[in-house]
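I opened a new structure today and kept notes as I went. Here is what I looked up.

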Amino acid sequence: MAATVGVSRATVSKALNGRGDISDETRERVLAAVAELGYRPTTGLTQGEGRRALAVVFDIPASPYIVGVLQGVLAAATEAGVDLLTRLAPDRSSRTQRAVAREWVAAQQAAGVVGIIGLTVSRPGAILQAAGNANLPFVMVDPVDAQDGHMVSVGSSNWAGARTGAEYLLELGHRRIAWVGGPEASDAARDRLYGYQAALDAAGVAIDPDLIRSGQFAIENGAEHARDLLMSADPPTAIMAGDDEIAVGVLATAHELGIRVPEELSVMGFDDTPQAAWTTPPLTTVHQHLEGMGAMAVQTALSMAEGHPPSSRHVELATSLMVRDSTAPASSGR
């Protein structure tokens, strides 16, 4: 194959896997040759030969959230007797190209993959369509956009979880409760924001737009917005974070500013990742069953691979509140 196109094997591999460190002209030549020759990668198991495999696809694999979901994926895959392959999604600049998506999916099938599980994959439309055309099940965990009609997904009851968390802070006497959430384009981030707003509205507490912020699910986002909120003329007595990473940033800024948690400021996260129990103080957070979502994604993908259509295109697992030491009754002031 490489000799036919006049490039190295490494270059062929980069083209087939959507890597961005080759020129568009070279990529198109490789993909044109692939189409003409009917080439399929031969590395690994061929479909139907040996053990079955599932592929787990990432954009950004390094986060406590991903580790938690992966634990569930690995345990369920092991129990089902299937191998687990980890894959980076095609390069962002090329993943929307149908040819790239088709060949990426074909490469997974050639490796014995019978189903794909997507984690933190943005703009997956072309890959989802290619997988559907190849009859290869693709299950997203906590998708950015669960409204895609081609998508089968597993998530948590984000709206209910955030509402429960906000209700707890209201019960503690807090009325100026700030929200620092994730990306506005994320369904999960929006549902959590709406849950927070629903709790305040039901309690008759006016929603103050100045207390609502959004950004990435990242420590830096929490730190930056917490500084702005806590140094304002009328600071909040509690901050709800859209995930535990954001909450860690809030805690760091509070410590830097000399604001005591929870005596002067209550902080709440969302996810209940392992780090939540080891922050200072330990973090009150909304628990979502990360391992359960991973296991459910595996079970759904394997069932679809056996020809059974999913009972629902989107499955939500229940959340619960994990109370630790970062929340307390509202103080009279600081």
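My entries below go from the whole chain to single residues.

**Entry 1: the whole chain**

I noted at the outset that this is a predicted model. I then looked up the secondary structure and found 11 helices and 12 strands in the chain. The chain has 334 residues, and 51% of them are buried. I also checked how far contacts reach along the sequence. Counting contacts between residues at least 6 apart, 74% join residues at least 24 apart.

**Entry 2: helix α7**

I picked helix α7, residues 158-171, for a length check. With 14 residues at 1.5 Å a residue, α7 should span 20 Å. I looked up its end C-alpha atoms and they are 20 Å apart, so the expected span and the model agree.

Which residues of α7 are buried? My list reads Asn158, Gly161, Ala162, Gly165, Ala166, Tyr168, Leu169 and Leu170. I wrote a reminder beside it: an α-helix has 3.6 residues a turn, so residues three or four places apart point the same way.

After α7 comes Gly173. Its phi is positive, near 95 degrees.

**Entry 3: helices α9 and α10**

Next I turned to a helix pair. Helix α9 covers residues 219-230 and helix α10 covers residues 244-256. They pack at an angle of about 45 degrees, and their axes are 6 Å apart. That angle makes α9 oblique to α10. The crossing is right-handed.

I listed who makes the contact. From α9 come Ile219, Asn221, Gly222, Ala223, Ala226, Arg227 and Leu230. From α10 come Glu245, Ile246, Val248, Gly249, Val250, Thr253, Ala254 and Glu256. Sorted by class, the contact has 8 nonpolar, 4 polar and 3 charged residues.

**Entry 4: Asn221**

I followed up one residue from that contact. Asn221 sits in helix α9. Is Asn221 buried or exposed? Its relative accessibility is 8%, under the 20% cut-off, so Asn221 counts as buried. Beyond its neighbours within four places in sequence, Asn221 is in contact with Val180, Gly181, Ser214, Gly215, Gln216 and Ile246. Ile246 also appears in my list for α10.

**Entry 5: Phe138**

My last stop was a strand residue. Phe138 is found in β4, which runs over residues 138-141. With a relative accessible area of 5%, Phe138 is buried. Setting aside neighbours within four places in sequence, I found Phe138 in contact with Ile116, Gly118, Ile127, Leu128, Ala131 and Val152.

I also looked up Met304. Phe138 and Met304 are 166 residues apart in sequence. In space, their C-alpha atoms are 9.0 Å apart.

Methods:
Residues are numbered from 1 along each chain as its sequence is written. This is a predicted model: local features need pLDDT of at least 70, side-chain atom pairs count only at pLDDT 80 or more; totals for chains, interfaces and linings use all residues. Side-chain values use heavy atoms; hydrogens and water are left out. Helices (H or I, at least four residues) and strands (E, at least two) are DSSP runs, numbered from the N terminus. The expected span of a helix is 1.5 Å times one less than its number of residues. Buried means under 20% relative accessible area, exposed over 50%, partly exposed in between (1.4 Å probe, protein chains only). Axes are lines fitted to C-alpha atoms, for helices over the stretch in contact, and angles run from 0 to 180 degrees between N-to-C directions. Angles under 35 degrees count as roughly parallel, over 145 as roughly antiparallel, 65 to 115 as roughly perpendicular and the rest as oblique. A crossing is left-handed if the near helix is turned anticlockwise from the far one by less than a right angle, and right-handed if clockwise. Contact means heavy atoms within 4.5 Å. Ala, Val, Leu, Ile, Met, Phe, Trp, Tyr, Cys and Pro count as nonpolar, Asp, Glu, Lys and Arg as charged, and the others, Gly among them, as polar.
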